[in-house]
Amino acid sequence: SGVGGYYSLTDAMTASTITINAGSTLDLFGSNLNVSSTTNSGTLAWQQIETAFGGSSIIPPNNLAGSTVTYNPTSGSPTVLTAADGWSYRNLVINGNGVTFRPDGDLIVNEGLTIQAGKLDFRNTTDNLFVGGNWNNTGGTFFPNTNLVTFNGNSSSFTIHSNGSNFPNVDFAGSGYYTLLDSMTVSSITFGNGVLSVGTTQAIVSSGSWINNAGSFVTTALS
């Protein structure tokens, strides 16, 4: 696709290769896509009701740095494809009002995770979640299991916006500097590396263990 455009499929499409350039969006919009190779530098949006990316085999796209995959269904309980399917993401957006999204394995997001609407539901699983950038919950809900959310980014300017959703066991494993934008409740927390900064109006509550191995916790006392 060209640079800077928003392209929506209106019916089924077959192609050998597809490239989504930076600044462009390809929205499958419920239409099937049969393609043997997809390179994504922009935004790929789909409802996960389509037969796509190589037909029923759902060949993972090559998601390059800065790219985004958006799940945008209007109903149902779509599966978020994961490492179990060979999928990983740079930026992942969950956006489905009233929709429950269920990953089918360990979910790897190498850059940022955004929950705009709907429920990202890890309950009744043993799967883990890895986020290498910002955690931005603007209007949805995160339902954890009892396993692990790992923040493994290495930048100096990450943020976490929980929007009131609780976390399970959390591990700060990267060297990144994370700033908490609202209150955060966790089952347990481990600082393997990196920094978590809490300002004057945020609280962090742990109902279990608090382990600091090699990281830092920076806080301004609540008044």
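Let's start at Asn134, which sits in the loop between β12 (129-131) and β13 (135-137). Keep in mind as you look around that this is a predicted model. Is Asn134 buried, exposed or something in between? With a relative accessible area of 31%, Asn134 is partly exposed, because that value falls between the 20% limit for buried and the 50% limit for exposed. Now look at who touches this loop residue. Setting aside neighbours within four places in sequence, Asn134 is in contact with Glu111, Gly112 and Leu113, and also with Ser157, Phe158 and Thr159. Take Ser157 from that group: Asn134 and Ser157 are 23 residues apart in sequence, yet their C-alpha atoms are 8.7 Å apart in space.

Next, move to another loop, the one between β16 (158-161) and β17 (167-172), where you'll find Asn163. Its relative accessibility is 33%, so Asn163 counts as partly exposed. What is the sign of phi at Asn163? Phi is positive there, at about 55 degrees, although Asn163 is not a glycine. Here's some background for that: most residues other than glycine have a negative phi. Phe29 gives you another case, with a positive phi near 55 degrees in a residue that isn't glycine. You can find Phe29 in the loop between β3 and β4. At 54% relative accessibility, Phe29 counts as exposed, because the cut-off for exposed is over 50%.

From Phe29, step back to strand β3 (residues 25-27), which holds Thr25. Thr25 is buried, with a relative accessible area of 12%. Which residues does Thr25 touch, leaving aside its neighbours within four places in sequence? They are Gly5, Tyr6, Tyr7 and Thr43. That last name takes us to strand β5 (residues 43-46), the place of Thr43. Thr43 has a relative accessible area of 21%, so it is partly exposed; the limit for buried is under 20%. Not counting residues up to four places away in sequence, Thr43 touches Ile20, Ser24, Thr25, Leu26, Thr68 and Thr70. For Thr43 and Thr70, the separation is 27 residues in sequence and 7.2 Å in space, C-alpha to C-alpha.

Now for a sheet. Three strands form an open sheet in the order β2-β4-β6, and the pairing is parallel. The edge strands are β2 (13-20) and β6 (62-63), each of which pairs on one side only. How many bridges link strand β4 (residues 33-40) to β6? There are two, and these strands pair in the parallel sense. If you want a spot to look at, find Thr39, which stands opposite Asn62 in β6.

Further along the chain is strand β20 (residues 195-198). A bit of background helps here: in a regular strand the side chains alternate between the two faces of the sheet. In β20, Val195 and Ser197 are on one side, while Leu196 and Val198 are on the other. All four are buried, and both faces of the strand are covered. Strand β20 pairs with β18 (residues 177-180) in the parallel sense over four bridges, with Thr179 opposite Ser197. Four bridges also join β20 to strand β23 (residues 216-219), and these two run parallel. There, the bridge partner of Leu196 is Phe217 in β23.

Stay with Leu196 for a moment. Leaving aside its neighbours within four places in sequence, its contacts include Ile160, Phe172, Tyr178, Leu180, Ile189 and Phe191. Where does Leu196 fit in the wider picture? The largest nonpolar core has 45 residues, and Leu196 is among the five that touch the most other members, together with Tyr71, Trp135, Phe151 and Phe167.

Let's finish with empty space. Rolling a probe the size of a water molecule over the atoms shows where such space is left. How many cavities of 30 Å³ or more does a search of the whole structure find? The search finds one, and the volume of the largest cavity is about 40 Å³. Its lining includes Phe122, Asp127, Asn128, Leu129, Phe142 and Pro168. Sorted by type, the lining residues divide into seven nonpolar, three polar and one charged.

Key
Residues numbered from 1 in each chain as written. Predicted model: local features only at pLDDT ≥ 70, side-chain atom pairs only at ≥ 80, totals over all residues. Heavy atoms only, no water. 1 Å grid on protein atoms, 1.4 Å probe; cavity = no way out; pocket = protein on both sides within 12 Å on 5 of 7 lines; lining within 4 Å. Points joined across faces, edges and corners; volume = space filled by probe spheres on them. Nonpolar A, V, L, I, M, F, W, Y, C, P; charged D, E, K, R; others polar. Pairing = 2+ DSSP bridges. Core = buried A, V, L, I, M, F, W, Y, C linked by side-chain atoms within 4.5 Å. Buried < 20%, exposed > 50% of the residue type's maximum accessible area, 1.4 Å probe, protein only. Contact = heavy atoms within 4.5 Å.
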